[in-house]
Amino acid sequence: MAERVCPSCGRPGPVELEMKVASGVTLTMLSCSRCDRRSWLADGAPIAMDDVFKITAGDPDFTVTPSVKAQRRAGKRLS
Ligand SMILES: [Zn+2]
């Protein structure tokens with residue numbers, strides 16, 4: 001598996017969380033410790049936060065709560 005880099009600042013090795021939603025899409029969250037941004041991929045393609053909510057809207061079991069720290073910052077828009 002190729003090493004990922006942060007889409008925002010290019011730092012290698014962001015924290016990666018992979019999760020599969022009911023629709024069959026694999027979501028990957030990249031969390032960067034340098035620029036402190038979270039980025040999302042759907043089946044490997046970069047997507048916006050709005051798209052994450054659209055993709056997970058049909059999945060009642062799915063909640064976007066990767067960490068307590070992230071939850072506290074949930075009001076901050078990524079774009
Ligand atoms: Zn970064």
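In the hairpin of this predicted model, Glu16 sits across from Leu30 of β2. The two strands involved, β1 (residues 15-20) and β2 (residues 26-31), run antiparallel and are paired over 6 bridges; pairing here calls for at least two DSSP bridges between the strands. Strands are DSSP runs of E with at least two residues, helices are runs of H or I with at least four, and both are numbered from the N terminus. Between β1 and β2 lie 5 residues, and Gly24 in that turn has a positive phi of about 95 degrees.

The hairpin belongs to an open sheet of 4 strands, ordered β1-β2-β3-β4 with antiparallel pairing. β1 and β4 (45-47) are at the edges with a single partner strand each, so one side of each has no neighbour in the sheet. On average, neighbouring strands are turned by 30 degrees against each other, direction ignored. Over at the β4 edge, β3 (residues 38-42) and β4 share 3 antiparallel bridges, with Ala42 partnered by Ala45. Helix α1 (residues 49-56) packs on the sheet and touches β2, β3 and β4, its direction making about 50 degrees with that of β3. Contact means backbone-placed C-beta atoms within 7 Å; angles run from 0 to 180 degrees between N-to-C directions of axes fitted to C-alpha atoms, for helices over the stretch in contact.

As for confidence, pLDDT (the predictor's per-residue confidence, 0 to 100) averages 82 for the protein, and 76% of the residues score at least 70. Among the elements, β3 has the highest mean, 94, and helix α2 (residues 68-72) the lowest, 49. Where pLDDT is low, the predicted coordinates should not be read in detail.

Residue numbering starts from 1 along each chain as its sequence is written. Because the model is predicted, local features need pLDDT of at least 70 and side-chain atom pairs count only at pLDDT 80 or more, while totals for chains, interfaces and linings use all residues.

Conventions. Two residues are in contact if their C-beta atoms, placed from the backbone, lie within 7 Å.
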